[in-house]
Amino acid sequence: MEEQRISQSHQMMLNDRRSIEVTGVIDVVSFDAEEIILETSCGLLLIRGSDLHMNRLTLEKGEVNVDGSIDGLTYSDAAGAGKKAGHFLGRLFG
């Protein structure tokens, strides 16, 4: 089952910087109203903004929908995962 999710296609659809639909999501590493970190089949994805809300989370299908004011999207080069989230954040803010 894990291999199916990892090989899943990763896509994003951003609508007017007010909502985003993401597929290929393996796990949610962390989230709050200002940032969400997702582990995707293409690496870690950091979504920054304000008033962020996860409206739909279906890890079995690898889908997440987020609403709010989206200010930025950043990918990590780190392969494989949420376990490297601390390293990822250190590189972003270091």
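Two salt bridges are counted in the chain, a salt bridge being a side-chain nitrogen of Lys or Arg within 4 Å of a carboxyl oxygen of Asp or Glu. The structure is a predicted model, in which local features need pLDDT of at least 70 and side-chain atom pairs count only at pLDDT 80 or more, while totals for chains, interfaces and linings use all residues. Residues are numbered from 1 along each chain as its sequence is written, and side-chain values use heavy atoms, with hydrogens and water left out.

One salt bridge links the side chains of R17 and D71, with an N to O distance of 3.2 Å. Because R17 lies in the loop between β1 and β2 and D71 in strand β6, the pair ties together parts that are 54 residues apart in sequence. With a relative accessibility of 47%, R17 counts as partly exposed, whereas D71, at 51%, counts as exposed; the classes are buried for under 20% relative accessible area, exposed for over 50%, and partly exposed in between (1.4 Å probe, protein chains only). A salt bridge is also formed by E63 and R56, whose closest N and O atoms are 2.6 Å apart. R56 is partly exposed, its relative accessible area being 34%. Side chains of opposite charge can pair when their charged atoms come close.

The chain contains two helices and six strands. These elements are DSSP runs, numbered from the N terminus (helices: H or I, at least four residues; strands: E, at least two). Along the sequence they follow the pattern α-β-β-β-β-β-β-α. The six strands form an open sheet in the order β1-β2-β6-β5-β4-β3, with antiparallel pairing; two strands are taken to pair if DSSP finds at least two bridges between them. At the edges of the sheet stand β1 (11–15) and β3 (25–31), each of which pairs on one side only. From one strand to the next the twist averages 45°, with axes given by lines fitted to C-alpha atoms and angles running from 0 to 180 degrees between N-to-C directions. Strands of a sheet pair through backbone hydrogen bonds, either parallel or antiparallel.

The pairing can be followed from β1 inward. Strand β1 is joined by five bridges to β2 (residues 19–23), and the two run antiparallel. Within this pair, Q11 has T23 of β2 as its bridge partner, and L14 stands opposite I20 in β2. The two strands form a hairpin with three residues between them, and D16 in the turn has a positive phi of about 50°. On β2, five bridges lead to strand β6 (residues 63–75), again in an antiparallel arrangement; here S19 is partnered by D67 of β6. Strand β6 also pairs with β5 (residues 43–58), in the antiparallel sense and over 11 bridges. The bridge partner of R56 in β6 is N65. A hairpin is formed by β5 and β6, with four residues between the strands, and G62 in its turn has a positive phi of about 75°.

On the surface, M12, L14, L73 and Y75 make a nonpolar patch of about 320 Å². Strands β1 and β6 are the elements that give two or more residues to this patch. Patches are made of residues with over 30% relative accessible area and no salt bridge, like charges being joined within 9 Å and nonpolar side chains (Val, Leu, Ile, Met, Phe, Trp, Tyr) within 5 Å. L14, placed in strand β1, counts as partly exposed at 40% relative accessibility.

A buried position is found at G24, which has a relative accessible area of 0% and lies in the loop between β2 and β3. Not counting residues up to four places away in sequence, G24 touches Q8, S9, H10, E39, T40, S41 and G62, where contact means heavy atoms within 4.5 Å. The C-alpha atoms of G24 and H10 are 4.2 Å apart, although 14 residues separate the two in sequence.

For the chain as a whole, buried residues make up 37% of the 94 residues. Of the contacts between residues at least 6 apart in sequence, 45% join residues at least 24 apart. The accessible surface comes to about 5600 Å², and 49% of this surface belongs to carbon and sulfur atoms; accessible areas come from the Shrake-Rupley method with a 1.4 Å probe, and for residues only the protein chains shown count as cover.
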